[in-house]
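Subject: Handing over a structure, with notes

Dear colleague,

I am passing a structure on to you, and my notes on what was found in it follow below the display. Please keep the sequence and the 3D view open while you read.

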Amino acid sequence: MNKRDNKDAEPPPARDKNSSDKGGAKTAEHNEAIHVLNLYQTAEKIYTRRLEGFYRSLRRWAWIPMLAGYFLIPWLSIDGRQAVWFDLAERKFHIFWITLWPQDLPFLAALLIISAFALFTITNLLGRVWCGFSCPQTVWTGIFIAIEDWFEGDRNKRIKLDAQPWSVDKIARKSAVQLCWVSFSFITGLTFVGYFNPIRELVSDLFYLSISGAALFWTLLFTALTWANAGLMREQICLYVCPYARFQSVMFDSDTLIVSYNQNRGEVRGPRKANQDIRETGLGDCVDCTLCVQVCPTGIDIRDGLQYECISCGLCIDACNAVMEKMHYPPGLIDFTTENTLKNGVGFRWLRPRLVGYFSVLALLCSLFVYQLSVRIPLEIDIIRDRSMLYRATPEGMIENSYQLKINNMDQQTHQYSISVRPVVEDGADNTSEKTEPFIYLGQSQVEVAEGEVIEMLVRLQIPEQQIEQSNTAVEFIVVSTTTPTVKNTEISRFLAPARAAY
Ligand code: SF4
Ligand code: SF4
(Lines give C-alpha, C1' and ligand atoms only; values in the text may rest on other atoms or scores of the structure.)
(Ligands and ions follow the chains in the order given, each with its own letter.)
Protein backbone atom coordinates (compact mmCIF):
# COMPACT_ATOMS: atom_id res chain seq x y z
CA MET A 1 0.00 0.00 0.00
CA ASN A 2 1.37 3.36 -0.99
CA LYS A 3 0.13 6.49 0.77
CA ARG A 4 1.04 9.90 -0.50
CA ASP A 5 0.71 13.54 0.52
CA ASN A 6 -0.56 13.32 4.09
CA LYS A 7 -0.18 10.17 6.06
CA ASP A 8 -2.27 11.45 8.96
CA ALA A 9 -5.30 12.29 6.90
CA GLU A 10 -8.33 10.07 6.77
CA PRO A 11 -8.60 8.07 3.54
CA PRO A 12 -11.16 9.50 1.10
CA PRO A 13 -14.23 7.58 0.05
CA ALA A 14 -13.47 5.20 -2.84
CA ARG A 15 -13.83 7.03 -6.14
CA ASP A 16 -15.18 5.31 -9.22
CA LYS A 17 -12.86 6.25 -12.10
CA ASN A 18 -15.70 5.92 -14.55
CA SER A 19 -18.28 7.74 -12.53
CA SER A 20 -19.78 10.77 -14.25
CA ASP A 21 -21.64 11.74 -11.08
CA LYS A 22 -21.81 15.50 -10.99
CA GLY A 23 -22.31 15.50 -7.21
CA GLY A 24 -22.73 18.54 -5.04
CA ALA A 25 -20.21 21.27 -4.33
CA LYS A 26 -16.91 19.87 -3.19
CA THR A 27 -14.78 21.73 -0.76
CA ALA A 28 -11.07 22.44 -0.85
CA GLU A 29 -10.83 19.94 2.01
CA HIS A 30 -11.96 17.23 -0.38
CA ASN A 31 -9.07 18.06 -2.72
CA GLU A 32 -6.52 17.46 -0.03
CA ALA A 33 -7.72 13.91 0.47
CA ILE A 34 -4.92 11.38 0.31
CA HIS A 35 -4.57 9.01 -2.58
CA VAL A 36 -4.47 5.35 -1.60
CA LEU A 37 -3.07 2.83 -4.02
CA ASN A 38 -3.49 -0.82 -3.24
CA LEU A 39 -1.10 -2.87 -5.32
CA TYR A 40 -3.22 -5.98 -4.87
CA GLN A 41 -6.56 -4.53 -5.89
CA THR A 42 -8.19 -5.57 -9.17
CA ALA A 43 -7.51 -2.97 -11.83
CA GLU A 44 -10.60 -1.02 -12.75
CA LYS A 45 -11.16 -0.75 -16.47
CA ILE A 46 -10.92 2.85 -17.63
CA TYR A 47 -13.42 3.98 -20.22
CA THR A 48 -12.01 7.15 -21.74
CA ARG A 49 -14.29 9.71 -23.34
CA ARG A 50 -13.33 11.00 -26.77
CA LEU A 51 -13.28 14.79 -26.93
CA GLU A 52 -11.70 16.73 -29.77
CA GLY A 53 -9.36 19.58 -29.01
CA PHE A 54 -5.96 21.11 -29.65
CA TYR A 55 -3.91 18.55 -27.72
CA ARG A 56 -5.76 15.57 -29.16
CA SER A 57 -4.93 16.87 -32.67
CA LEU A 58 -1.36 17.55 -31.66
CA ARG A 59 -1.03 13.97 -30.43
CA ARG A 60 -2.35 12.65 -33.73
CA TRP A 61 0.15 14.76 -35.69
CA ALA A 62 2.94 13.52 -33.43
CA TRP A 63 1.89 9.90 -33.97
CA ILE A 64 1.78 10.00 -37.78
CA PRO A 65 5.53 10.38 -38.43
CA MET A 66 6.32 7.93 -35.66
CA LEU A 67 4.00 5.21 -36.96
CA ALA A 68 4.98 5.88 -40.58
CA GLY A 69 8.64 5.65 -39.59
CA TYR A 70 8.20 2.42 -37.65
CA PHE A 71 6.22 0.60 -40.34
CA LEU A 72 7.97 1.97 -43.46
CA ILE A 73 11.67 2.19 -42.53
CA PRO A 74 12.32 -1.59 -42.87
CA TRP A 75 11.00 -1.41 -46.45
CA LEU A 76 13.57 1.20 -47.51
CA SER A 77 16.64 -0.01 -49.40
CA ILE A 78 20.09 1.47 -49.91
CA ASP A 79 22.34 -0.06 -52.60
CA GLY A 80 20.18 -3.16 -52.70
CA ARG A 81 20.17 -3.90 -48.98
CA GLN A 82 17.66 -3.06 -46.25
CA ALA A 83 18.39 0.50 -45.07
CA VAL A 84 17.94 -0.31 -41.36
CA TRP A 85 18.85 -3.89 -40.58
CA PHE A 86 20.19 -5.21 -37.30
CA ASP A 87 21.92 -8.27 -38.70
CA LEU A 88 22.56 -10.28 -35.54
CA ALA A 89 23.83 -13.36 -37.41
CA GLU A 90 26.62 -11.37 -39.07
CA ARG A 91 26.91 -9.06 -36.02
CA LYS A 92 26.47 -5.96 -38.20
CA PHE A 93 24.03 -3.10 -37.64
CA HIS A 94 23.18 -1.30 -40.87
CA ILE A 95 21.70 2.11 -40.08
CA PHE A 96 21.14 3.85 -43.40
CA TRP A 97 24.61 4.79 -44.73
CA ILE A 98 26.52 3.54 -41.69
CA THR A 99 27.36 -0.04 -40.79
CA LEU A 100 28.30 -0.64 -37.17
CA TRP A 101 30.30 -3.70 -36.17
CA PRO A 102 30.82 -5.20 -32.70
CA GLN A 103 33.97 -3.01 -32.53
CA ASP A 104 31.67 0.02 -32.86
CA LEU A 105 29.69 -0.88 -29.75
CA PRO A 106 30.85 2.34 -28.03
CA PHE A 107 28.92 4.26 -30.71
CA LEU A 108 25.72 2.44 -29.78
CA ALA A 109 26.39 3.01 -26.09
CA ALA A 110 27.02 6.70 -26.81
CA LEU A 111 23.77 6.87 -28.77
CA LEU A 112 21.87 5.43 -25.80
CA ILE A 113 23.52 7.91 -23.41
CA ILE A 114 22.64 10.80 -25.76
CA SER A 115 19.02 9.57 -25.97
CA ALA A 116 18.84 9.40 -22.17
CA PHE A 117 20.20 12.94 -21.83
CA ALA A 118 17.81 14.21 -24.51
CA LEU A 119 14.98 12.68 -22.49
CA PHE A 120 16.25 14.31 -19.26
CA THR A 121 16.47 17.69 -21.01
CA ILE A 122 13.01 17.47 -22.54
CA THR A 123 11.56 16.28 -19.24
CA ASN A 124 13.11 19.19 -17.36
CA LEU A 125 11.73 21.56 -19.98
CA LEU A 126 8.32 20.12 -20.85
CA GLY A 127 7.59 17.48 -18.21
CA ARG A 128 6.42 14.08 -19.42
CA VAL A 129 5.54 15.06 -22.99
CA TRP A 130 7.44 12.02 -24.23
CA CYS A 131 4.94 9.84 -22.34
CA GLY A 132 1.88 11.74 -23.50
CA PHE A 133 2.79 12.31 -27.12
CA SER A 134 5.42 9.87 -28.36
CA CYS A 135 5.86 6.83 -26.14
CA PRO A 136 5.00 3.66 -28.11
CA GLN A 137 2.90 2.46 -25.15
CA THR A 138 0.76 5.61 -25.41
CA VAL A 139 0.59 5.54 -29.21
CA TRP A 140 -0.39 1.89 -29.49
CA THR A 141 -2.87 2.17 -26.62
CA GLY A 142 -4.42 5.20 -28.35
CA ILE A 143 -4.85 3.19 -31.56
CA PHE A 144 -6.36 0.25 -29.68
CA ILE A 145 -8.82 2.58 -27.93
CA ALA A 146 -9.73 4.16 -31.29
CA ILE A 147 -10.50 0.67 -32.66
CA GLU A 148 -12.65 -0.07 -29.60
CA ASP A 149 -14.36 3.26 -29.99
CA TRP A 150 -15.05 2.55 -33.67
CA PHE A 151 -16.82 -0.78 -33.03
CA GLU A 152 -18.33 -0.26 -29.59
CA GLY A 153 -19.01 3.47 -29.53
CA ASP A 154 -17.91 6.20 -27.15
CA ARG A 155 -17.46 5.90 -23.39
CA ASN A 156 -21.07 5.56 -22.24
CA LYS A 157 -21.88 3.01 -24.94
CA ARG A 158 -18.82 0.95 -24.01
CA ILE A 159 -19.76 0.99 -20.32
CA LYS A 160 -23.28 -0.08 -21.23
CA LEU A 161 -22.09 -2.78 -23.61
CA ASP A 162 -19.77 -4.28 -20.99
CA ALA A 163 -22.58 -4.31 -18.43
CA GLN A 164 -24.94 -6.10 -20.84
CA PRO A 165 -25.27 -9.90 -20.90
CA TRP A 166 -23.69 -11.60 -23.90
CA SER A 167 -25.77 -11.25 -27.05
CA VAL A 168 -25.14 -11.66 -30.80
CA ASP A 169 -24.52 -7.92 -31.10
CA LYS A 170 -22.07 -7.88 -28.19
CA ILE A 171 -20.20 -10.96 -29.47
CA ALA A 172 -19.98 -9.44 -32.97
CA ARG A 173 -18.64 -6.11 -31.69
CA LYS A 174 -16.18 -7.66 -29.25
CA SER A 175 -14.96 -10.12 -31.91
CA ALA A 176 -14.41 -7.31 -34.42
CA VAL A 177 -12.37 -5.39 -31.84
CA GLN A 178 -10.25 -8.45 -31.02
CA LEU A 179 -9.74 -9.27 -34.69
CA CYS A 180 -8.48 -5.74 -35.41
CA TRP A 181 -6.32 -5.69 -32.27
CA VAL A 182 -4.70 -9.05 -33.11
CA SER A 183 -4.18 -8.07 -36.78
CA PHE A 184 -2.59 -4.76 -35.84
CA SER A 185 -0.46 -6.49 -33.19
CA PHE A 186 0.66 -9.06 -35.75
CA ILE A 187 1.70 -6.36 -38.23
CA THR A 188 3.54 -4.62 -35.37
CA GLY A 189 5.33 -7.85 -34.36
CA LEU A 190 6.20 -8.76 -37.95
CA THR A 191 7.62 -5.28 -38.56
CA PHE A 192 9.69 -5.48 -35.39
CA VAL A 193 11.17 -8.82 -36.47
CA GLY A 194 11.70 -7.23 -39.91
CA TYR A 195 14.34 -4.97 -38.37
CA PHE A 196 16.38 -8.10 -37.60
CA ASN A 197 15.53 -10.30 -40.61
CA PRO A 198 15.18 -8.81 -44.11
CA ILE A 199 11.50 -7.89 -44.14
CA ARG A 200 10.84 -8.62 -47.81
CA GLU A 201 12.05 -12.21 -47.38
CA LEU A 202 10.18 -12.48 -44.08
CA VAL A 203 6.86 -11.45 -45.61
CA SER A 204 7.42 -13.62 -48.67
CA ASP A 205 8.32 -16.62 -46.46
CA LEU A 206 5.21 -16.00 -44.41
CA PHE A 207 3.09 -15.82 -47.52
CA TYR A 208 4.47 -19.13 -48.84
CA LEU A 209 4.37 -20.69 -45.33
CA SER A 210 8.13 -21.24 -45.34
CA ILE A 211 8.95 -18.84 -42.49
CA SER A 212 11.62 -20.14 -40.10
CA GLY A 213 10.60 -21.35 -36.65
CA ALA A 214 12.68 -18.66 -34.91
CA ALA A 215 11.20 -15.82 -36.98
CA LEU A 216 7.69 -17.13 -36.38
CA PHE A 217 8.33 -17.48 -32.64
CA TRP A 218 9.56 -13.88 -32.28
CA THR A 219 6.76 -12.53 -34.47
CA LEU A 220 4.12 -14.29 -32.38
CA LEU A 221 5.81 -13.27 -29.14
CA PHE A 222 5.83 -9.58 -30.11
CA THR A 223 2.26 -9.90 -31.38
CA ALA A 224 1.19 -11.23 -27.99
CA LEU A 225 3.16 -8.56 -26.11
CA THR A 226 1.65 -5.75 -28.22
CA TRP A 227 -1.85 -7.11 -27.73
CA ALA A 228 -1.34 -7.51 -23.98
CA ASN A 229 0.34 -4.13 -23.46
CA ALA A 230 -1.95 -1.96 -25.56
CA GLY A 231 -5.15 -3.99 -25.31
CA LEU A 232 -5.17 -5.33 -21.76
CA MET A 233 -2.64 -3.59 -19.54
CA ARG A 234 -2.67 -0.11 -21.05
CA GLU A 235 -2.15 2.45 -18.25
CA GLN A 236 -1.03 -0.36 -15.89
CA ILE A 237 2.27 -0.40 -17.80
CA CYS A 238 2.76 3.31 -17.06
CA LEU A 239 1.66 2.95 -13.43
CA TYR A 240 3.45 -0.23 -12.39
CA VAL A 241 6.01 -1.30 -15.01
CA CYS A 242 7.68 1.73 -16.60
CA PRO A 243 10.58 2.95 -14.44
CA TYR A 244 10.54 6.38 -16.08
CA ALA A 245 7.37 7.36 -14.22
CA ARG A 246 9.16 6.69 -10.94
CA PHE A 247 12.20 8.88 -11.45
CA GLN A 248 10.79 11.63 -13.63
CA SER A 249 10.27 13.90 -10.63
CA VAL A 250 14.05 13.96 -10.11
CA MET A 251 14.33 15.88 -13.40
CA PHE A 252 11.56 18.35 -12.60
CA ASP A 253 12.13 21.77 -11.13
CA SER A 254 9.66 24.51 -10.26
CA ASP A 255 9.90 25.87 -13.83
CA THR A 256 9.10 22.60 -15.59
CA LEU A 257 5.94 22.74 -17.68
CA ILE A 258 3.39 20.39 -16.17
CA VAL A 259 -0.33 19.91 -16.60
CA SER A 260 -1.90 21.67 -13.62
CA TYR A 261 -5.28 22.66 -12.33
CA ASN A 262 -5.45 26.26 -11.12
CA GLN A 263 -6.89 25.68 -7.67
CA ASN A 264 -7.13 29.39 -6.82
CA ARG A 265 -9.32 29.91 -9.81
CA GLY A 266 -11.27 26.64 -9.78
CA GLU A 267 -12.24 26.31 -6.10
CA VAL A 268 -14.76 26.08 -4.61
CA ARG A 269 -15.96 23.76 -7.34
CA GLY A 270 -19.60 22.96 -7.95
CA PRO A 271 -22.39 22.92 -10.52
CA ARG A 272 -24.26 26.10 -11.48
CA LYS A 273 -26.56 27.26 -14.21
CA ALA A 274 -24.86 28.47 -17.40
CA ASN A 275 -26.05 32.05 -17.05
CA GLN A 276 -25.75 32.28 -13.24
CA ASP A 277 -23.54 35.09 -11.88
CA ILE A 278 -20.61 33.27 -10.34
CA ARG A 279 -20.14 35.97 -7.66
CA GLU A 280 -23.59 35.17 -6.27
CA THR A 281 -22.80 31.49 -5.85
CA GLY A 282 -19.43 31.91 -4.15
CA LEU A 283 -18.09 29.18 -6.42
CA GLY A 284 -14.88 29.04 -8.42
CA ASP A 285 -14.66 28.33 -12.17
CA CYS A 286 -14.73 24.52 -11.87
CA VAL A 287 -18.26 23.29 -12.54
CA ASP A 288 -17.29 19.81 -11.30
CA CYS A 289 -18.44 18.17 -14.51
CA THR A 290 -15.62 15.55 -14.16
CA LEU A 291 -15.00 15.65 -17.91
CA CYS A 292 -11.28 16.08 -17.18
CA VAL A 293 -11.36 12.75 -15.32
CA GLN A 294 -13.43 11.00 -17.97
CA VAL A 295 -10.96 11.77 -20.78
CA CYS A 296 -7.89 10.89 -18.75
CA PRO A 297 -6.16 7.74 -20.10
CA THR A 298 -4.72 6.97 -16.66
CA GLY A 299 -7.98 7.65 -14.85
CA ILE A 300 -6.70 10.32 -12.45
CA ASP A 301 -8.23 13.57 -11.29
CA ILE A 302 -5.72 16.31 -12.07
CA ARG A 303 -7.56 18.55 -9.60
CA ASP A 304 -5.93 16.50 -6.82
CA GLY A 305 -2.56 18.00 -7.79
CA LEU A 306 0.52 16.67 -9.61
CA GLN A 307 0.51 12.88 -9.64
CA TYR A 308 3.07 10.46 -11.02
CA GLU A 309 0.32 8.80 -13.04
CA CYS A 310 -0.12 11.94 -15.17
CA ILE A 311 1.52 11.43 -18.57
CA SER A 312 1.07 15.07 -19.67
CA CYS A 313 -1.14 14.17 -22.62
CA GLY A 314 -3.14 17.40 -22.31
CA LEU A 315 -6.51 15.70 -22.94
CA CYS A 316 -7.93 17.10 -19.71
CA ILE A 317 -6.96 20.59 -20.93
CA ASP A 318 -9.01 20.07 -24.09
CA ALA A 319 -11.97 18.81 -22.05
CA CYS A 320 -11.86 21.65 -19.55
CA ASN A 321 -11.36 24.33 -22.21
CA ALA A 322 -14.48 23.06 -23.99
CA VAL A 323 -16.42 23.42 -20.72
CA MET A 324 -14.96 26.89 -20.07
CA GLU A 325 -16.01 27.95 -23.55
CA LYS A 326 -19.55 26.76 -22.97
CA MET A 327 -19.68 28.61 -19.65
CA HIS A 328 -18.18 31.77 -21.25
CA TYR A 329 -15.23 31.59 -18.83
CA PRO A 330 -11.66 32.17 -19.98
CA PRO A 331 -9.78 28.96 -20.98
CA GLY A 332 -6.82 27.56 -19.07
CA LEU A 333 -8.34 26.39 -15.78
CA ILE A 334 -6.28 23.28 -16.49
CA ASP A 335 -3.20 24.12 -18.51
CA PHE A 336 0.45 23.42 -19.21
CA THR A 337 2.06 25.71 -16.68
CA THR A 338 4.82 25.75 -14.08
CA GLU A 339 4.73 25.54 -10.31
CA ASN A 340 6.47 28.92 -10.20
CA THR A 341 3.79 30.53 -12.37
CA LEU A 342 0.99 29.12 -10.24
CA LYS A 343 2.57 30.06 -6.90
CA ASN A 344 4.44 33.28 -7.69
CA GLY A 345 2.89 34.45 -10.94
CA VAL A 346 6.27 34.53 -12.76
CA GLY A 347 6.45 33.65 -16.46
CA PHE A 348 8.24 30.67 -17.98
CA ARG A 349 12.01 30.84 -17.40
CA TRP A 350 14.34 29.35 -20.01
CA LEU A 351 17.56 30.29 -18.27
CA ARG A 352 17.83 28.16 -15.18
CA PRO A 353 20.83 26.21 -13.92
CA ARG A 354 19.52 22.69 -14.33
CA LEU A 355 18.20 23.22 -17.86
CA VAL A 356 21.39 24.98 -18.96
CA GLY A 357 23.37 22.09 -17.46
CA TYR A 358 21.32 19.46 -19.31
CA PHE A 359 21.57 21.39 -22.61
CA SER A 360 25.33 21.86 -22.24
CA VAL A 361 25.98 18.18 -21.54
CA LEU A 362 23.67 17.17 -24.40
CA ALA A 363 25.37 19.56 -26.85
CA LEU A 364 28.81 18.32 -25.78
CA LEU A 365 27.82 14.66 -26.14
CA CYS A 366 26.25 15.26 -29.57
CA SER A 367 29.34 17.15 -30.81
CA LEU A 368 31.67 14.40 -29.57
CA PHE A 369 29.49 11.73 -31.16
CA VAL A 370 29.39 13.49 -34.54
CA TYR A 371 33.16 14.10 -34.42
CA GLN A 372 33.93 10.46 -33.55
CA LEU A 373 31.60 9.27 -36.30
CA SER A 374 33.24 11.57 -38.86
CA VAL A 375 36.76 10.32 -38.04
CA ARG A 376 35.75 6.68 -37.82
CA ILE A 377 37.86 4.52 -40.16
CA PRO A 378 35.78 1.75 -41.73
CA LEU A 379 38.76 -0.59 -41.95
CA GLU A 380 40.07 -2.98 -39.36
CA ILE A 381 43.23 -5.03 -39.66
CA ASP A 382 44.69 -7.71 -37.46
CA ILE A 383 48.14 -9.24 -37.77
CA ILE A 384 49.12 -12.46 -35.98
CA ARG A 385 52.65 -13.84 -36.04
CA ASP A 386 53.08 -17.51 -36.84
CA ARG A 387 53.70 -18.78 -33.33
CA SER A 388 54.74 -22.28 -34.39
CA MET A 389 58.13 -20.95 -35.51
CA LEU A 390 60.10 -17.91 -34.33
CA TYR A 391 61.82 -17.44 -37.70
CA ARG A 392 63.08 -19.47 -40.64
CA ALA A 393 66.52 -19.32 -42.26
CA THR A 394 66.20 -19.86 -46.02
CA PRO A 395 68.86 -21.55 -48.23
CA GLU A 396 69.35 -18.11 -49.88
CA GLY A 397 70.66 -16.66 -46.60
CA MET A 398 67.49 -14.83 -45.63
CA ILE A 399 65.72 -14.74 -42.27
CA GLU A 400 61.97 -15.07 -42.71
CA ASN A 401 58.92 -14.51 -40.42
CA SER A 402 55.33 -15.50 -41.33
CA TYR A 403 52.13 -13.68 -40.38
CA GLN A 404 48.39 -14.10 -40.75
CA LEU A 405 46.93 -10.78 -41.98
CA LYS A 406 43.19 -10.18 -41.51
CA ILE A 407 41.50 -7.27 -43.33
CA ASN A 408 37.95 -6.32 -42.39
CA ASN A 409 36.25 -3.89 -44.80
CA MET A 410 33.65 -2.20 -42.55
CA ASP A 411 32.67 0.26 -45.26
CA GLN A 412 29.60 0.13 -47.47
CA GLN A 413 31.67 -0.12 -50.68
CA THR A 414 34.29 -2.44 -52.11
CA HIS A 415 37.88 -1.28 -51.63
CA GLN A 416 41.16 -2.11 -53.31
CA TYR A 417 43.82 -2.04 -50.59
CA SER A 418 47.58 -1.78 -50.92
CA ILE A 419 49.69 -3.46 -48.23
CA SER A 420 53.17 -2.39 -47.17
CA VAL A 421 55.53 -2.90 -44.22
CA ARG A 422 58.23 -0.80 -42.56
CA PRO A 423 60.41 -1.21 -39.47
CA VAL A 424 59.49 1.19 -36.69
CA VAL A 425 60.59 2.07 -33.18
CA GLU A 426 58.14 1.42 -30.37
CA ASP A 427 56.33 4.75 -30.72
CA GLY A 428 55.60 4.05 -34.40
CA ALA A 429 58.33 6.32 -35.89
CA ASP A 430 60.18 5.00 -38.97
CA ASN A 431 63.24 2.96 -37.96
CA THR A 432 64.74 2.19 -41.37
CA SER A 433 68.46 2.37 -40.92
CA GLU A 434 70.63 3.99 -43.63
CA LYS A 435 72.74 0.88 -44.00
CA THR A 436 69.82 -1.54 -44.10
CA GLU A 437 67.19 -2.18 -46.73
CA PRO A 438 63.61 -2.31 -45.55
CA PHE A 439 62.13 -5.72 -45.10
CA ILE A 440 61.21 -7.66 -48.22
CA TYR A 441 57.44 -8.20 -48.22
CA LEU A 442 56.29 -11.49 -49.73
CA GLY A 443 52.56 -11.70 -50.24
CA GLN A 444 49.77 -9.95 -52.07
CA SER A 445 50.54 -6.22 -52.16
CA GLN A 446 47.11 -5.32 -53.60
CA VAL A 447 43.88 -6.96 -52.56
CA GLU A 448 40.22 -6.27 -53.22
CA VAL A 449 37.76 -6.70 -50.35
CA ALA A 450 34.03 -6.38 -50.84
CA GLU A 451 31.87 -4.29 -48.48
CA GLY A 452 31.33 -5.99 -45.15
CA GLU A 453 33.80 -8.78 -46.00
CA VAL A 454 36.70 -10.12 -43.96
CA ILE A 455 39.66 -11.76 -45.71
CA GLU A 456 42.64 -13.56 -44.24
CA MET A 457 45.93 -14.20 -45.96
CA LEU A 458 49.40 -15.48 -45.21
CA VAL A 459 52.23 -12.99 -45.70
CA ARG A 460 55.98 -13.27 -45.11
CA LEU A 461 58.80 -10.85 -44.36
CA GLN A 462 62.42 -11.50 -45.24
CA ILE A 463 65.70 -9.74 -44.62
CA PRO A 464 69.28 -10.82 -45.57
CA GLU A 465 70.91 -12.32 -42.52
CA GLN A 466 73.92 -9.96 -42.68
CA GLN A 467 71.65 -6.91 -42.58
CA ILE A 468 70.00 -7.84 -39.32
CA GLU A 469 70.70 -5.22 -36.66
CA GLN A 470 68.66 -6.60 -33.78
CA SER A 471 66.96 -9.85 -32.88
CA ASN A 472 63.57 -8.30 -32.22
CA THR A 473 62.38 -5.51 -34.48
CA ALA A 474 59.01 -3.74 -34.46
CA VAL A 475 57.41 -3.79 -37.90
CA GLU A 476 54.36 -1.84 -38.97
CA PHE A 477 51.86 -3.26 -41.46
CA ILE A 478 50.10 -0.50 -43.42
CA VAL A 479 46.86 -1.18 -45.30
CA VAL A 480 45.46 1.73 -47.29
CA SER A 481 42.64 2.03 -49.78
CA THR A 482 43.96 2.95 -53.22
CA THR A 483 40.79 4.86 -54.07
CA THR A 484 40.23 6.57 -50.68
CA PRO A 485 43.62 7.18 -49.02
CA THR A 486 41.93 8.37 -45.80
CA VAL A 487 40.71 4.78 -45.31
CA LYS A 488 43.96 3.57 -43.82
CA ASN A 489 44.87 1.40 -40.85
CA THR A 490 48.11 0.18 -39.37
CA GLU A 491 49.19 -2.44 -36.87
CA ILE A 492 52.56 -3.13 -35.30
CA SER A 493 53.96 -6.66 -34.98
CA ARG A 494 57.46 -8.09 -34.33
CA PHE A 495 60.14 -9.50 -36.62
CA LEU A 496 62.29 -12.03 -34.80
CA ALA A 497 65.79 -13.06 -35.88
CA PRO A 498 68.60 -15.17 -34.39
CA ALA A 499 70.57 -13.41 -31.65
CA ARG A 500 74.13 -12.62 -32.70
CA ALA A 501 76.93 -11.07 -30.70
CA ALA A 502 77.98 -9.06 -33.78
CA TYR A 503 74.73 -7.04 -33.88
S1 SF4 B 1 -4.32 14.29 -15.90
FE2 SF4 B 1 -4.63 15.22 -17.90
S3 SF4 B 1 -2.60 15.36 -18.78
FE4 SF4 B 1 -2.47 13.96 -17.04
S5 SF4 B 1 -2.75 11.95 -17.97
FE6 SF4 B 1 -4.77 12.65 -17.30
S7 SF4 B 1 -5.62 13.64 -19.09
FE8 SF4 B 1 -3.46 13.43 -19.48
S1 SF4 C 1 -13.29 19.67 -16.81
FE2 SF4 C 1 -12.80 21.64 -15.86
S3 SF4 C 1 -14.74 22.29 -15.08
FE4 SF4 C 1 -15.00 20.13 -15.49
S5 SF4 C 1 -14.44 19.15 -13.56
FE6 SF4 C 1 -12.60 19.25 -14.75
S7 SF4 C 1 -11.61 21.13 -14.04
FE8 SF4 C 1 -13.74 21.27 -13.40
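Which helix gives the most to the shell around ligand 2? It is α15, which contributes three residues to that shell. Before going further, I should say that this is a predicted model, and everything below should be read with that in mind.

**The two ligands**

Ligand 2 is surrounded by 16 residues, and the closest of them are C286, C289, L291, C292 and C320. Two helices, α14 (291–294) and α15 (315–326), each supply at least two residues of this shell. Sorted by class, the shell around ligand 2 holds 11 nonpolar residues, two polar ones and three charged ones.

Around ligand 1 there are 14 residues, of which C296, I302, C310, C313 and C316 are the closest. That shell divides into 11 nonpolar and three polar residues, with no charged residue in it.

**The protein as a whole**

The protein has 17 helices and 18 strands, and of its 503 residues 24% are buried. If one takes the contacts between residues at least 6 apart in sequence, 69% of them join residues that are at least 24 apart.

**Helices and their packing**

Helix α15, already met at ligand 2, also packs against α2, at an angle of about 145 degrees and with the two axes 7 Å apart. In this contact F54, Y55 and R56 of α2 meet L315, I317 and D318 of α15, and the residues involved divide into four nonpolar, no polar and two charged.

Helix α7 covers residues 168–194, and its length can be checked by a short piece of reasoning: at 1.5 Å a residue its 27 residues should span 39 Å, and the C-alpha atoms at its ends are 38 Å apart, which agrees. The buried residues of α7 are W181, S185, T188, G189, L190, T191, V193 and G194. These buried residues pack against four other helices, namely α2 (54–72), α5 (136–152), α8 (199–207) and α9 (213–233), and α2 is thus named both here and in the contact with α15.

One residue of α9 may serve as a detailed example of this region. T226 lies in helix α9, and it counts as buried because it has 22 C-beta neighbours inside 10 Å, where 20 or more are required. Leaving aside residues up to four places away in sequence, T226 touches W140, S185, T188 and G189; S185, T188 and G189 are also among the buried residues of α7. T226 and T141 are 85 residues apart in sequence, while in space their C-alpha atoms are 9.3 Å apart.

**A sheet of three strands**

Strands β5, β6 and β7 form an open sheet in that order, with antiparallel pairing. Its edge strands are β5 and β7, each of which pairs on one side only, and the twist from one strand to the next averages 15 degrees.

Between β5 (residues 84–87) and β6 (residues 92–95) there are four bridges; V84 has I95 in β6 as its bridge partner, and D87 stands opposite K92. The two strands form a hairpin with four residues between them, and in its turn R91 has a positive phi of about 55 degrees.

From β6 the sheet continues to β7 (residues 98–100), to which it is joined by three bridges, with H94 standing opposite T99. Here too the strands form a hairpin, with two residues between them, and F96 in the turn has a positive phi of about 55 degrees.

**A sheet of four strands**

How are the strands of the other sheet in these notes ordered? This open sheet has the order β15-β13-β17-β18, again with antiparallel pairing. The strands at its edges are β15 (446–449) and β18 (488–496), each pairing on one side only, and neighbouring strands are turned by 30 degrees against each other on average, direction ignored. Inside the sheet, β13 (residues 415–424) and β17 (residues 472–481) run antiparallel and are joined by eight bridges; in this pairing S418 stands opposite V480 of β17.

With best wishes

Key:
Residues are numbered from 1 along each chain as its sequence is written. Chains are lettered from A and ligands numbered from 1 in the order in which they are written. This is a predicted model: local features need pLDDT of at least 70, side-chain atom pairs count only at pLDDT 80 or more; totals for chains, interfaces and linings use all residues. Two strands pair if DSSP finds at least two bridges between them. Axes are lines fitted to C-alpha atoms, for helices over the stretch in contact, and angles run from 0 to 180 degrees between N-to-C directions. A residue is near a molecule or strand if its C-beta atom, placed from the backbone, lies within 6 Å of it. Ala, Val, Leu, Ile, Met, Phe, Trp, Tyr, Cys and Pro count as nonpolar, Asp, Glu, Lys and Arg as charged, and the others, Gly among them, as polar. A residue is buried if 20 or more other C-beta atoms lie within 10 Å of its own, exposed if 12 or fewer, and partly exposed in between; C-beta atoms are placed from the backbone. Two residues are in contact if their C-beta atoms, placed from the backbone, lie within 7 Å. The expected span of a helix is 1.5 Å times one less than its number of residues.
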